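Welcome! Take a moment to look over the model below, and then we can walk through some of its features together.

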Amino acid sequence: MAQTVADQLIEVLRQAGVRRVYGLVGDSLNPIADAIRRTPDVEWVHVHNEEAAALAAAAEAQLTGRLAVCAGSCGPGNTHLVQGLYDAHRSGAPVLAIASHIPSTQIGTNYFQETHPQHLFLECSDYCELVSRPEQLPRLPRIAIQTALAKQGVAVLVLPGDLTAEPAAFPTGASHIVETRAVAEPAEEAVRALAAKINSAATVSLFVGAGVRDARAEVLELAARVHSPIGHSLGGKEWIQYDNPYDVGMSGLLGYGACYEATHEADLLILLGTDFPYDTFLPQAHTVQVDRDASRLGRRTRLELGVEGDVGATLRAVLPLLRQKTDRSFLDRMLRKHADALEKVVSAYTDRVEKLRPVHPEYVAAVLDELVADDAVITVDTGMCNVWAARYLTPNGRRRIIGSFRHGTMANALPHAIGAAHAQPGRQVVSMSGDGGLTMLLGELRTVRERNVPVKIIAFNNGSLGMIRLEMMVAGYPSFETDHGVSDLAAIARACGVPAEVVDDPAQLRGVLSTALASPGPFLVDVRTDPNALSIPPHITAAQVRGFALAATRTVLDGGVGRMIDLARSNLRSIPRP
């Protein structure tokens, strides 16, 4: 048969290295779905909600660094895609969305399921174009692919269903797609200015984000040169925290340890590769920032200096200009403060925890951290699961932790896990799912069963929207409509064909988790956790304290940190004795 526009589109994707498309079939997508059916190297990954398709593609792109693809049919299919595409775009995941449209002759007539996808996706994409003629292929798909890779974001192609069934106008040919990104070198004058700032400061603190992924060695060398404590955002945790003798924890709403004090008490704070959104946790003074994207400079805090450049390239340029500082008293004081902060709260999940019911979620996260593989991919639901992951999962340079850390969408963990498992078969994938998030997209339990996706779903089931409950309490409101009772998630999973076990006795936890992780296929562990196990940031205002006093009854307020206490203790031992 003659090559259609749909055939040509899928061939362009195949040439770009795409091996799967996540989506839900629908009439306007039929020509594209059929083209995939006839293409041996590309598979259709059926999900049960287009939001899950976009989230799965986002996880695949974040793990591999390569283009991932999702698709949605016209009208509701597209509007379901939006949530997941916002997450992908804000997470910096190169994703191409194929948004099918109503028949081209009906556009503008208020036709059945009519929307205007080229407007709908503008805010969550770097490229969004309507394909109106066969002659626009293969060029437009290649532009969309290259834009997604270059911008590390979302590109959207809007294609009317009737158009994709038409014959292709031009031969597909081949064109090279560039996947690597150039290293952004800083300006010489900016490097000199940065060196002068660092050399003149008596004390320096570093606060780092995901932008240090390829600059870990340089960051540690800088810390050694200036005796600087290193704090991190949640996005930076997996890249910098492990084996770090300068670690003082994390700042922000999920923070712990001495990071807040280190960032506020230093003469100079250096932000490296972070677009940390919570400006109230930054000192708003004596700050410099390094980022490869100049649009991020100064948008969270006032700067004494902003440097546009790749973090690694910038530090390699500035290190030869720095004098070795000799006074490490500030660093040592922050390390002691950090260890003290962790020591005071570590008993929150160790003291008689194997006998306490309901199960403490901190304990679940701590045991899971011990049992998962050293190179596991752990996906994390928005809400209190973010807290437990931030405070109890131990990075080691090989594990990956993926969540909706910038968009904060609920229900992300299981779809992210589906994408991760497809992207890297054979790698252990674990979803830390809250009951609120999991029940939003329960259909994806059928996805993992139908495709036998070997994800392990650890459901923190407390019958409560824990983070929302916490937010109400901080503001002084009694919790309202956040507690809806515990659902039997294990029974639901079994009804979907997924093996499952309930844990309501902490003494059973380790055994059941071990069984689940060793299972060859999907498995759900329904852990009945304490809804009153909440956590507050390392720094709160007097008004927030009063809010808790008004609203809290038996809430657990802790900053537990699992095995991170071992790192803090080890760092203390490295402090030179007088």
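What share of the contacts in the protein chain with a separation of 6 or more comes from residues 24 or more positions apart? In this predicted model, such residues account for 74% of those contacts.

**The chain as a whole**

The protein chain has 578 residues, and 58% of them are buried. Its secondary structure comprises 23 helices and 21 strands. The chain exposes about 22500 Å², with carbon and sulfur atoms supplying 51% of that area.

**Two covered helices**

Let us begin with helix H1, which spans residues 5–15. Eight of its 11 residues are buried, so the helix is largely enclosed by the rest of the structure. The buried residues of H1 are Val 5, Ala 6, Asp 7, Gln 8, Leu 9, Ile 10, Val 12 and Leu 13. Just after H1 comes Gly 17, whose phi is positive at about 95°.

Helix H12, covering residues 311–318, is also mostly covered, with six of its eight residues buried. Those six are Val 311, Gly 312, Ala 313, Thr 314, Leu 315 and Val 318. What lies over them? The cover for the buried residues of H12 includes two helices, H8 (188–200) and H9 (216–226), along with strands E11 (268–272), E12 (287–291) and E13 (305–308). At the N-terminal end of H12, Asp 310 acts as a cap: one of its side-chain oxygens lies 3.0 Å from the backbone nitrogen of Gly 312.

**Backbone details in the loops**

Next, here are three loop residues with backbone angles to look at.

| Residue | Backbone angle | Loop between |
|---|---|---|
| Pro 138 | omega about 5° (bond from Leu 137) | E5 (127–130) and H6 (139–151) |
| His 227 | phi near 50° | H9 and E8 (230–232) |
| Asn 452 | phi about 50° | H18 (443–450) and E17 (455–461) |

The peptide bond joining Leu 137 and Pro 138 is cis. For His 227, the phi value is positive even though the residue is not glycine. Asn 452 likewise has a positive phi without being a glycine.

Is His 227 buried or exposed? With a relative accessible area of 15%, His 227 falls under the 20% cut-off, so this residue counts as buried. Asn 452 has 40% relative accessibility, which lies between the 20% and 50% cut-offs, and therefore counts as partly exposed.

**Empty space inside**

Where is there room within the protein? Rolling a probe the size of a water molecule over the atoms shows where empty space is left. A search of the whole structure turns up four cavities of 30 Å³ or more. The largest cavity has a volume of about 40 Å³.

Which residues line the largest cavity? They are Asp 381, Ala 411, Asn 412, Ala 413, Leu 414, Pro 415, Ser 433, Gly 437, Leu 438 and Leu 441. Sorted by class, this lining has six nonpolar, three polar and one charged residues. Helices H16 (413–423) and H17 (435–440) each supply at least two residues of the lining. The largest share, three residues, comes from H16.

Conventions: Residues are numbered from 1 along each chain as its sequence is written. This is a predicted model: local features need pLDDT of at least 70, side-chain atom pairs count only at pLDDT 80 or more; totals for chains, interfaces and linings use all residues. Side-chain values use heavy atoms; hydrogens and water are left out. On a 1 Å grid over the protein atoms alone, a cavity is a set of points where a 1.4 Å probe fits but cannot get out, and a pocket is an open set with protein on both sides within 12 Å along at least five of seven lines; lining residues have an atom within 4 Å of a point. Grid points are joined across faces, edges and corners, and a volume is the space filled by probe spheres set on the points. Helices (H or I, at least four residues) and strands (E, at least two) are DSSP runs, numbered from the N terminus. Ala, Val, Leu, Ile, Met, Phe, Trp, Tyr, Cys and Pro count as nonpolar, Asp, Glu, Lys and Arg as charged, and the others, Gly among them, as polar. Buried means under 20% relative accessible area, exposed over 50%, partly exposed in between (1.4 Å probe, protein chains only). Contact means heavy atoms within 4.5 Å. Accessible areas come from the Shrake-Rupley method with a 1.4 Å probe; for residues, only the protein chains shown count as cover. A polar contact is a pair of N or O atoms within 3.5 Å; within protein, one must be able to donate a hydrogen and the other to accept it, and residues adjacent in sequence count only if both atoms are side-chain atoms.
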